[in-house]
Amino acid sequence: MFTASGPDPGRLPQAAGTGRHGYAVVDVETTGLSPQRDHVIEVGLVLLDPCGREEYAWTSLIGVPDLEDVDPKHIHGIELEYLRGAPTLASVSDLLARSLAGRVLVAHNTRFDLGFLVPTLVAGGWLEEGTELPQVCTMRSARSFMMTPSCSLVCCCEVAGVRLAQHHTALNDARASAGLLRHYLMVAAERGDQEPWAAGLEAAAGLVGWSWDEAAALAQAGLLRRRPPHVRHRAQ
């Protein structure tokens, strides 16, 4: 079984409600496209301050009890054996809720990524059902900030000059989406526009629908399991 220690819990940013807020950029790798039928097998999360500067990041493979297959392996490159001993999504959801609370949620296709994460958070009591989460979709926002023939993550990163290493690994894709968000903020500033998501930042900072156990969240940072270092994505 491959194991790797998670990030230092002592470096975690202060929790929501302590005056810190900004963005939480997420990406998931899954066994398919349906949140009802398929499973999250990797999570990547990057926390940014309101200016888009990275504060903290974590990633983990996600174990799924009784899972027999992890296709499409040709896309994400994850083998079933890598998930043995990895935490379930529920078992790191205090950490996940703590990381997301107080922040605007960002993904390159928020409907997909949050569609997999939010049901678990709601079902376990970490997020109040029906909570409206301030969010930014870097895919849907792309053409408001640059000319691009396609809104795929690869194409957007090429146009914006954002590095995308090992596409279809959760943390790298989350960092690429964070890079796109920084590009959008830079373009908005060059135009002389008001910060485009100022209202969302304010709303996220005051959102009260989140709940987590602080001690459990800090302990869960030690449960995280990264990919084996030799694993690379297979899709081009």
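**Salt bridges, loop geometry and internal space**

Asp69, Asp71 and Lys73 form a network of salt bridges. The model is a predicted one. One member of this network, Asp69, sits in the loop between β3 and α1. Asp69 is partly exposed, with a relative accessible area of 39%. Its side chain also reaches the backbone nitrogen of Asp71, at 3.4 Å. Asp69 has a further neighbour in Leu80: eleven residues separate the two in sequence, and their C-alpha atoms are 6.5 Å apart.

The backbone next to Asp71 is also notable. Most peptide bonds are trans, and most residues other than glycine have a negative phi. The bond from Asp71 to Pro72 is cis, with omega near 10 degrees. Pro72 belongs to the loop between β3 (54–61) and α1.

Two residues that are not glycine have a positive phi. For Asn109 the angle is about 105 degrees. Asn109 occupies the loop between β4 (103–107) and α3. Its relative accessibility is 24%, so Asn109 counts as partly exposed. For Gln166 the positive phi is about 50 degrees. Gln166 is placed in the loop between α4 and α5 (170–191). Gln166 is partly exposed as well, at a relative accessible area of 27%.

Side chains of opposite charge can pair when their charged atoms come close. The salt bridge count for the model is eight. One of these joins the side chains of Arg227 and Glu42, with an N to O distance of 2.8 Å. Arg227 lies in the segment after α7 (214–220) and Glu42 in strand β2 (residues 40–48), so this salt bridge ties together parts that are 185 residues apart in sequence. Arg227 is buried, with a relative accessible area of 11%. Glu42 is buried too, at 4%.

A second long-range pair is Arg98 and Glu214, whose side chains meet in a salt bridge at 3.1 Å, N to O. Arg98 is part of helix α2 (residues 93–100) and Glu214 is part of helix α7, so the pair ties together parts that are 116 residues apart in sequence. Arg98 is buried, at a relative accessible area of 9%. Glu214, by contrast, is partly exposed, at 33%.

Arg53 and Asp49 make another salt bridge, in which the closest N and O atoms are 2.7 Å apart. The two partners fall in separate accessibility classes. Arg53 is exposed, with a relative accessible area of 52%. Asp49 counts as buried, at 11% relative accessibility. The cut-offs explain this assignment, because buried means under 20% and exposed means over 50%.

Internal space was examined next. The structure holds one cavity of 30 Å³ or more. The largest cavity contains about 50 Å³ of space. Ten residues line the largest cavity, and those closest to its centre are Gln14, Ala16, Arg98, Ala101 and Arg103. Arg98 thus appears both in this lining and in the salt bridge with Glu214. By class, the lining of the largest cavity comprises five nonpolar, two polar and three charged residues.

The largest pocket holds about 440 Å³ of space. Its lining comprises 21 residues, of which Asp27, Val28, Glu29, Phe112 and His168 are the closest to the centre. Four elements each supply at least two residues of this lining: β1 (22–30), α1 (73–76), α3 (110–123) and α4 (153–160). The largest share, four residues, comes from β1. By class, the pocket lining has nine nonpolar, eight polar and four charged residues.

Key: Residues are numbered from 1 along each chain as its sequence is written. This is a predicted model: local features need pLDDT of at least 70, side-chain atom pairs count only at pLDDT 80 or more; totals for chains, interfaces and linings use all residues. Side-chain values use heavy atoms; hydrogens and water are left out. On a 1 Å grid over the protein atoms alone, a cavity is a set of points where a 1.4 Å probe fits but cannot get out, and a pocket is an open set with protein on both sides within 12 Å along at least five of seven lines; lining residues have an atom within 4 Å of a point. Grid points are joined across faces, edges and corners, and a volume is the space filled by probe spheres set on the points. Ala, Val, Leu, Ile, Met, Phe, Trp, Tyr, Cys and Pro count as nonpolar, Asp, Glu, Lys and Arg as charged, and the others, Gly among them, as polar. A salt bridge is a side-chain nitrogen of Lys or Arg within 4 Å of a carboxyl oxygen of Asp or Glu. Buried means under 20% relative accessible area, exposed over 50%, partly exposed in between (1.4 Å probe, protein chains only). A polar contact is a pair of N or O atoms within 3.5 Å; within protein, one must be able to donate a hydrogen and the other to accept it, and residues adjacent in sequence count only if both atoms are side-chain atoms.
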